[in-house]
Every structure is written in structure tokens, then in C-alpha cells.
Amino acid sequence: MTTATPVLLTVPEVMERLKLGRSTVYDLIRTRRLVSITIGRSRRIPADAVRNFIDHEIEEAA
């Protein structure tokens, strides 16, 4: 049985994946460097947005 990768991630899941603190993740969201959506009172980050953020940072570093 395979486990599907979640399409939407919570802030703690993004923190774990990027090895960043909570305030840093929210700062990335606030400055629109990391795309997010709000569902009710919950903030969710598309998994593709995390990959795009990483790709952009790698490209900028090169």
C-alpha cells in the first residue's frame, strides 16, 4: 500500500520539511515568498509551493 503525499501542508509540516522556525515560515508567507491559502482559520501551504520555493532558492544561490 502506498502513502500519498499530502497536497496541502500545515505550518508545522513546512517547518519540519524546511528545518525552519515558525516565525520564519510565517515571514516567508507574509512576504509572499511562500504561497499559502486560508481555509476557515487554518493556514495551509500547497506542497508544490514548498518545492517551488526550494527550486527558487537554489536558482538564486547559483
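**Strands, helices and surface of a predicted chain**

Biologist: Over how many bridges do E1 and E3 pair, and in which sense?

Modeller: This is a predicted model. Within the pair, Leu 9 stands opposite Ile 45 of E3. The sense of the E1 and E3 pairing is antiparallel, and the number of bridges is two.

Biologist: In what order do the three strands lie in the sheet?

Modeller: The sheet is open and its pairing is antiparallel. E1 and strand E2 (37-39) are at the edges with a single partner strand each, so each has one side without a neighbour in the sheet. E3 therefore comes between the two edge strands. The order is E1-E3-E2.

Biologist: What pattern does the chain follow along the sequence?

Modeller: The chain holds three helices and three strands. Strand E1 covers 8-9 and helix H2 covers 22-30, while strand E3 covers 42-46 and helix H3 covers 47-61. Helix H1 takes in residues 11-18. Read along the sequence, the pattern is β-α-α-β-β-α.

Biologist: Which residues of H1 are buried, and against which elements do they pack?

Modeller: The buried residues of H1 are Val 11, Val 14 and Leu 18. Their arc around the axis is only 60°, which puts them on the same side of H1. The elements they pack against are E1, H2, E3 and H3.

Biologist: Why do the buried residues of H2 fall on the same side of that helix?

Modeller: The residues concerned are Val 25, Leu 28 and Ile 29. They fall on the same side of H2 because the arc they cover around the axis is only 100°.

Biologist: Which residues are exposed on the other side of H2?

Modeller: The buried residues of H2 pack against H1, E3 and H3. On the other side of H2, the exposed residues are Ser 23 and Arg 30.

Biologist: What is the phi of Lys 19, and is the residue buried or exposed?

Modeller: Lys 19 comes just after H1, in the loop between H1 and H2. Although Lys 19 is not a glycine, its phi is positive, at about 55°. With a relative accessibility of 68%, Lys 19 is above the 50% cut-off and so counts as exposed.

Biologist: Where does Arg 32 lie, and what is its phi?

Modeller: Arg 32 follows just after H2 and lies in the loop between H2 and E2. Its relative accessible area is 74%, so Arg 32 is exposed. Arg 32 is a residue other than glycine, and its positive phi is near 65°.

Biologist: How much accessible area does the nonpolar patch on the surface have?

Modeller: The patch is formed by Val 7, Leu 8, Ile 37 and Ile 39. Leu 8 belongs to strand E1 and is partly exposed, at a relative accessible area of 33%. Ile 37 belongs to strand E2 and is partly exposed as well, at 35%. Together the four residues of the patch have about 340 Å².

Biologist: With which residues is Ile 37 in contact, leaving aside neighbours within four places in sequence?

Modeller: Phe 53 is 16 residues from Ile 37 in sequence, and their C-alpha atoms are 15 Å apart. The contacts of Ile 37, with those neighbours left aside, are Leu 8, Ser 42, Arg 43 and Arg 44.

Biologist: What distance separates the C-alpha atoms of Ala 61 and Arg 22?

Modeller: Ala 61 lies in helix H3 and is exposed, with a relative accessible area of 69%. Along the chain, Ala 61 and Arg 22 are 39 residues apart. The distance between their C-alpha atoms is 23 Å.

Biologist: What share of the residues counts as buried?

Modeller: The C-alpha atoms fill a box of roughly 40 × 30 × 15 Å along the principal axes. The chain has 62 residues, and a residue is buried when its relative accessible area is under 20%. The share that counts as buried is 23%.

Biologist: What share of the exposed area do carbon and sulfur atoms supply?

Modeller: The chain exposes about 4,800 Å². Of this area, the share supplied by carbon and sulfur atoms is 52%.

How values were computed
Residues are numbered from 1 along each chain as its sequence is written. This is a predicted model: local features need pLDDT of at least 70, side-chain atom pairs count only at pLDDT 80 or more; totals for chains, interfaces and linings use all residues. Side-chain values use heavy atoms; hydrogens and water are left out. Buried means under 20% relative accessible area, exposed over 50%, partly exposed in between (1.4 Å probe, protein chains only). Helices (H or I, at least four residues) and strands (E, at least two) are DSSP runs, numbered from the N terminus. The arc is that of the directions from the helix axis to the C-beta atoms. Contact means heavy atoms within 4.5 Å. Two strands pair if DSSP finds at least two bridges between them. Patches are made of residues with over 30% relative accessible area and no salt bridge: like charges are joined within 9 Å, nonpolar side chains (Val, Leu, Ile, Met, Phe, Trp, Tyr) within 5 Å. Accessible areas come from the Shrake-Rupley method with a 1.4 Å probe; for residues, only the protein chains shown count as cover. A salt bridge is a side-chain nitrogen of Lys or Arg within 4 Å of a carboxyl oxygen of Asp or Glu.
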